[in-house]
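Here is an informal walk through the two chains, backbone oddities and all. Keep the structure open beside you as you read.

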Amino acid sequence: MGRLNESKTSRGLKAYAWLEHRLGLIKPLTEAAEHPTPSNNASWWYVFGSAATVLLMLQVVTGILLALVYSPSASEAWTSLNFLNHNVALGWYLRALHGWGSDFMIAIVLIHMVQVFLFGSYKFPRELTWIVGVVLLLLTLGMAFTGQVMRFDQDAYWGLGIGASISSRIPVIGAQLVHMVLGGPIIGGATLSRFFTLHVFVIPGLLLAGVGVHVFMVLRHGVSDWPMPGRLVRKATYEREYHELTEKTGIPFVPDAAWKDAVFAAAIIFAVMACAFFFGPFGPGGQPDPTIIQTAPKPDFAFLWIYAVLAFLPPGLETPVLLVAPVLGIAAMLLLPLIASEGERHWARRPVAVLMVSVIAVTLGIFTRLGTYTPWSPIMNAWSSDAVPVKYMHDRTPLEREGALVLQDKQCRSCHSLDGHGGLRGPELDSVASRMTEDQIVRQVLQGGGNMPAYGNALNPSETKALVSFLMTLRGDGLQPAIDASRQLTHTAQSDAPASPTHVNAGLKP
Amino acid sequence: MSEFLKHPGESSNDALPPEGKAAAHTRRVFLFKLAVGMNALVGAVLAVPLIGYLLGPTAKKKSGVGAWITIGDVTDFPVGETRLAEFRSPVATFDDGDTAKVSCWVRRVSAQKFQVFAINCAHLGCPVRWFSESKLFLCPCHGGAYYEDGSRASGPPERGLFEYRYRIAGNSLVIHAGDMPTLATQASCKDKPLVQIAPPTPETRSTTWEG
């Protein structure tokens with residue numbers, strides 16, 4: 001028995017020797033995997049890069065499997081996705097894995113980037129690793145955007161329209177760029193084909209090559225050591241210090257440090273599997289028929305913050321911000337390691353870095369949150385679905401009740417809410433009369449302004465009269481009506497007599 | 001030169017004296033450079049059709065895209081009303097499916113006077129909806145609003161709605177359609193000066209939603 005095992009082992013060794021003599025990759029790869037790394041970086045904080053790589057592999061595999069069925073044709077893509085969801089065995093699960101894998105990959109890549117930034121790991125000699133990493137982030141976002149187009153539904157169609165509209169704002173070459181993005185004069189078959197090419201050939205190729213370079217540089221310079229307050233990075237000494245640290249405390253990366261990577265990667269993949277199983281695939285939404293205009297297009301989660309920012313920019317600033325801000329942002333990320341290649345690495349000694357991460361994270365978070373419920377969008381069916389609350393109809397004169405009808409009919413509720421129902425674009429009207437005088441309301445309704453259209457052409461004088469008299473009854477919980485303090489003053493000056501005491505109390509008291 | 005020919009037997013010039021090797025080496029380097037140059041030349045010539053193919057969609061003239069297309073009978077559009085019309089894009093190709101369909105808003109101002117608005121918001125191209133009660137076009141994406149004549153009312157758009165050129169042929173309403181209307185590709189639409197935004201007017205309230 002022992003002899004049999006022995007002969008088996010020797011046969012195995014022989015086969016290995018035969019293969020390695022010809023291939024020559026096994027030994028160097030094993031050595032690379034087992035390279036010594038400072039024991040202080042065998043940390044749970046260092047697991048995100050490898051998890052992102054594993055997620056990329058998941059995306060490649062699920063993507064290839066989806067491509068077996070998906071039809072990248074404007075007339076068939078949407079149907080083929082529904083076919084995947086409902087007719088192909090486990091097609092829904094593959095779509096769900098690919099969709100959730102994409103969201104997880106963006107999240108993990110961002111967390112990886114924040115960790116590297118806060119640990120100062122981008123400093124000498126790892127500047128280029130960071131720069132390649134920034135490119136990988138942009139490619140990942142490129143995959144997310146082109147992937148959203150692959151789900152060729154209403155959101156994808158109008159999302160392409162938004163992309164084309166943004167491209168059209170670039171001076172001089174705007175029109176050419178729109179045609180380049182769309183592959184022709186309209187969104188159609190050519191558009192989907194070119195986004196398919198980007199999503200399946202161009203960007204994945206660049207992404208895989210970039211990851212290769214990124215990992216190669218990580219191996220070349222070693223995984224960065226755990227930052228210590230006061231231990232500064234200097235170009236003259238860092239590499240010697242890192243080498244000494246590795247000599248003194250080094251442990252083999254595989255398995256002593258990598259087991260944590262492996263555990264985390266398994267957990268992440270399991271999380272993707274669970275999300276895919278419990279929440280299912282994303283869409284496809286409505287069919288990509290641009291004559292169905294009852295739609296409120298929205299981008300995927302990763303781009304909601306941009307969608308929100310586009311609602312808040314003043315019109316005159318929009319084009320400059322759209323064209324300049326991304327350039328500045330990307331340039332700042334690319335140049336960061338070149339500007340700050342030396343010095344303190346520990347986050348406790350880099351308050352500006354911590355502040356930047358906090359501000360950017362909170363900003364992106366707020367805009368993303370706003371993007372989920374789009375307070376700037378009119379609620380287009382509020383006028384016909386949300387009645388004026390009964391309490392606002394009690395004890396009203398016929399004229400005021402007529403005014404409530406005008407308020408509904410003229411679709412004021414698309415932008416203004418009553419009792420919490422209606423649009424959020426304009427201020428809620430529950431207490432409008434305590435903020436504005438009758439004259440001010442008339443002027444605002446007829447002339448608009450402050451981001452409100454003018455309704456002078458949509459209202460006749462009697463409608464206006466009724467509407468305003470209804471609005472004047474909306475004073476919240478028994479608040480005083482708004483009064484025009486200046487009128488009081490002019491009145492006093494003209495008549496040269498003291499105003500009645502109630503007016504003085506209501507108007508001039510601070 | 002020995003650093004380039006480290007291994008004896010690698011070259012057939014081993015027998016040559018160093019000067020000969022140098023001469024031979026120079027000849028090979030020259031030939032290699034020549035070959036690189038030839039590849040650069042072939043590559044450059046090859047790049048012309050490749051890049052030309054890639055840039056093909058951009059080559060069309062700005063105003064050359066599109067054609068006149070009937071969107072309905074004049075009688076389909078009552079005077080004083082704004083109605084949705086549909087047509088199939090005249091620039092559609094074999095693979096466009098439903099995406100070749102286009103909607104537009106037709107406003108009949110008087111018997112002979114129309115306005116045909118693109119469905120696409122002038123902000124970012126989302127489909128605007130007409131509300132006859134408030135006489136407004138509203139955009140679902142970022143809340144752009146336009147008056148019944150297409151001029152900008154409020155919100156993020158910088159200008160009014162894009163308009164198609166139209167003419168009345170017999171009883172048919174015909175428009176010129178081509179490019180998807182955007183700020184840069186509005187050439188196929190009616191040449192209407194940009195409705196620039198008025199200089200910011202002083203706010204009358206401090207409680208506007210956007211502060």
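A:Pro125 sits in the loop between helix 5 (91-118) and helix 6 of chain A. This is a predicted model, and in it the peptide bond from A:Phe124 to A:Pro125 is cis, with omega near 5°. A second cis bond joins A:Val254 and A:Pro255, with omega about 5°. A:Pro255 lies in helix 11 (residues 253-279) of chain A. These are worth a look, because most peptide bonds are trans and most residues other than glycine have a negative phi.

On the phi side, there are two residues to check. Here they are together:

| Residue | Phi | Loop in chain A |
|---|---|---|
| A:Thr374 | near 35° | between helix 14 (351-373) and helix 15 (382-385) |
| A:Asn451 | near 75° | between helix 17 and helix 18 |

Is A:Thr374 buried or exposed? A:Thr374 is buried, because 21 other C-beta atoms lie within 10 Å and the cut-off for that label is 20 or more. A:Asn451 has 19 other C-beta atoms within 10 Å, so it counts as partly exposed.

A:Gly450 is found in the loop between helix 17 (438-447) and helix 18 (461-471) of chain A. With 18 other C-beta atoms within 10 Å, A:Gly450 is partly exposed. Measure along the chain and through space, and you get two views of its relation to A:Leu424: the two are 26 residues apart in sequence and 14 Å apart in space, C-alpha to C-alpha.

Now for helix packing. How do helix 6 and helix 13 of chain A run relative to each other? The axes of helix 6 (residues 127-150) and helix 13 of chain A come within 9 Å and cross at roughly 175°. Angles over 145 degrees count as roughly antiparallel, so helix 6 and helix 13 of chain A are roughly antiparallel to each other. On the helix 6 side, A:Glu127, A:Trp130, A:Ile131 and A:Val134 meet A:Met333, A:Leu334, A:Pro337 and A:Leu338 of helix 13 of chain A. By class, that contact has seven nonpolar residues, one charged and no polar.

Zooming out, chain A is divided into domain 1 (31-373), domain 2 (382-479) and domain 3 (485-510). The C-alpha centres of domain 1 and domain 2 of chain A lie 46 Å apart.

Next, the partner chain. Chain A puts 65 residues into the contact and chain B puts in 60 residues. On the side of chain A that touches chain B, the elements giving two or more residues are helix 7 (154-167), helix 8 (174-182), helix 9 (189-221), helix 12 (304-312) and helix 13 (315-339) of chain A. That side of chain A has 32 nonpolar, 26 polar and seven charged residues.

Chain B itself has one helix and ten strands, and along the sequence the pattern is α-β-β-β-β-β-β-β-β-β-β. Of its 211 residues, 35% count as buried. Among contacts in chain B between residues at least 6 apart in sequence, 49% join residues at least 24 apart.

Four of the strands form an open, antiparallel sheet in the order 5-6-7-8 (chain B). Strand 5 (129-131) and strand 8 (152-154) of chain B are the edge strands, each pairing on one side only. From one strand to the next, the twist averages 35°. Strand 7 (residues 145-147) and strand 8 of chain B run antiparallel and are joined by two bridges. In this pairing, B:Tyr146 stands opposite B:Arg152 in strand 8 of chain B.

Methods
Residues are numbered from 1 along each chain as its sequence is written. Chains are lettered from A and ligands numbered from 1 in the order in which they are written. This is a predicted model: local features need pLDDT of at least 70, side-chain atom pairs count only at pLDDT 80 or more; totals for chains, interfaces and linings use all residues. A residue is buried if 20 or more other C-beta atoms lie within 10 Å of its own, exposed if 12 or fewer, and partly exposed in between; C-beta atoms are placed from the backbone. Two residues are in contact if their C-beta atoms, placed from the backbone, lie within 7 Å. Ala, Val, Leu, Ile, Met, Phe, Trp, Tyr, Cys and Pro count as nonpolar, Asp, Glu, Lys and Arg as charged, and the others, Gly among them, as polar. Axes are lines fitted to C-alpha atoms, for helices over the stretch in contact, and angles run from 0 to 180 degrees between N-to-C directions. Angles under 35 degrees count as roughly parallel, over 145 as roughly antiparallel, 65 to 115 as roughly perpendicular and the rest as oblique. Two strands pair if DSSP finds at least two bridges between them. Domain bounds come from an automatic or database domain assignment.
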